[in-house]
Amino acid sequence: TNENEFVNKLAAQSSKTHQPLIDQWVSRGPYYIGGRTKALALDILNENIILAGCVSSGMYKSMDGGSTWTKTTAPDQLHSVSCIAQTKASGNEHIWYYGTGVEPPGGGSASGLGNFDDVYRGDGIFKSMDNGNTWLQLESTVSGTADKTDTFDFIWNIVTFGDSGVYAATSSGLFKSTDAGDTWVHELDFGKNYGIGIADGPLAG
């Protein structure tokens, strides 16, 4: 592609003064107008299975290490993917979650004035029970009010813990579920100017 040719040309030019870490880049897709990819995860049981979430075109899945991709988001589902997480507990690795909603300055190609006009609005968290092949919206996170910002409209990060535990960092704070997303407890409240990250490790839970 033109992008690969441009990157490789820059690498060749820079190698005259700097030793490049990688000589050549090979595009791994998605090739079906995937949009900007904001979420990416490898299946912990099979690294050839990759799930990619795009800001404006939904979820994609590859079964062959990124050589080919299949879109898994249904046409009537939200395509503004912001993050993705897999359940790591043994026997539950087929369960995945993805968050929706991308705020500025991460709105990508959304047109606007550089404020909340140029966003890809979300509406909750989606869950897959078949290893990312299909997705259902968690009813506990749906607001249905696209004209205003609600608790789960902008999901910044998701981390799973244990058999059915989920943390969700949203624009309204940090939420915790111990029943796979059926109900949530508002653990921490943050101001609108704070970003939220969740540590994915032994302390998560």
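**A sheet, three residues and an aromatic cluster**

Let's start with a single rung of the ladder: Leu40 has Ala52 of β2 standing opposite. This is a predicted model, in which local features need pLDDT of at least 70 and side-chain atom pairs count only at pLDDT 80 or more, while totals for chains, interfaces and linings use all residues. Residues are numbered from 1 along each chain as its sequence is written, and side-chain values use heavy atoms, with hydrogens and water left out.

That rung belongs to the pairing of strand β1 (residues 37-43) with β2, which is antiparallel and extends over six bridges. Strands here are DSSP runs of E with at least two residues, helices are runs of H or I with at least four, and both are numbered from the N terminus. Two strands count as paired if DSSP finds at least two bridges between them. Another rung of this pairing brings Thr37 together with its bridge partner in β2, Cys54. If you follow the chain from β1 into β2, you pass through a hairpin with two residues between the strands.

Now step across to the next neighbour. Strand β2 (residues 46-54) also pairs with β3, again in the antiparallel sense, and here there are five bridges. Cys54 appears once more, this time opposite Gly58 in β3, and Gly53 faces Met59 of that strand. The connection from β2 to β3 is a hairpin of three residues.

How covered is β3 itself? Strand β3 (residues 58-62) is mostly covered, with five of its five residues buried. Buried means a relative accessible area under 20%, exposed means over 50%, and partly exposed is what lies in between, with a 1.4 Å probe and protein chains only. On to strand β4 (residues 70-71), which runs antiparallel to β3 and is joined to that strand by two bridges. Here you can find Lys61 opposite Thr70 in β4.

Put these pairings together and you have an open sheet of four strands, in the order β1-β2-β3-β4, with antiparallel pairing. β1 and β4 stand at the edges and have a single partner strand each, so one side of each is left without a neighbour in the sheet.

Let's leave this sheet and visit some individual residues. Asp153 sits in the loop between β8 (136-137) and β9 (155-161). Is Asp153 buried or exposed? Its relative accessible area is 2%, so Asp153 is buried. The Asp153 side chain makes a polar contact with the side chain of Ser143 at 3.4 Å. (A polar contact is a pair of N or O atoms within 3.5 Å; within protein, one must be able to donate a hydrogen and the other to accept it, and residues adjacent in sequence count only if both atoms are side-chain atoms.) The side chain of Asp153 also reaches the backbone nitrogen of Asp150, at 2.8 Å.

In strand β9 you will find Thr160. Thr160 has a relative accessible area of 7% and is therefore buried. Its side chain reaches a backbone atom, the oxygen of Gln86, at 2.8 Å.

Val185, in strand β12 (residues 185-188), has a relative accessible area of 47%, so Val185 is partly exposed. Not counting residues up to four places away in sequence, Val185 touches Leu174, Phe175 and Lys176, where contact means heavy atoms within 4.5 Å. Between the C-alpha atoms of Val185 and Tyr167, which are 18 residues apart along the chain, the separation is 9.7 Å.

Our last stop is the aromatic rings, where the structure holds five pairs. Rings of Phe, Tyr and Trp (its six-membered ring) pair if their centres lie within 6.5 Å; planes under 30 degrees apart count as stacked, over 60 as edge-to-face and the rest as tilted. One of the pairs is Tyr98 with Phe126: the ring centres are 4.8 Å apart and the planes are at 5 degrees, so this pair is stacked. Tyr98 belongs to strand β6 (residues 96-100) and Phe126 to strand β7 (residues 125-128), so the pair ties together parts that are 28 residues apart in sequence. Both Tyr98 and Phe126 are buried.

Tyr98 also pairs with Trp135: the ring centres are 4.8 Å apart with the planes at 70 degrees, so this pair is edge-to-face. This pair too links distant parts of the chain, with Tyr98 in strand β6 and Trp135 in the loop between β7 and β8, 37 residues apart. Trp135 is buried, as is Tyr98. Taken together, Tyr98, Phe126 and Trp135 form one aromatic cluster.
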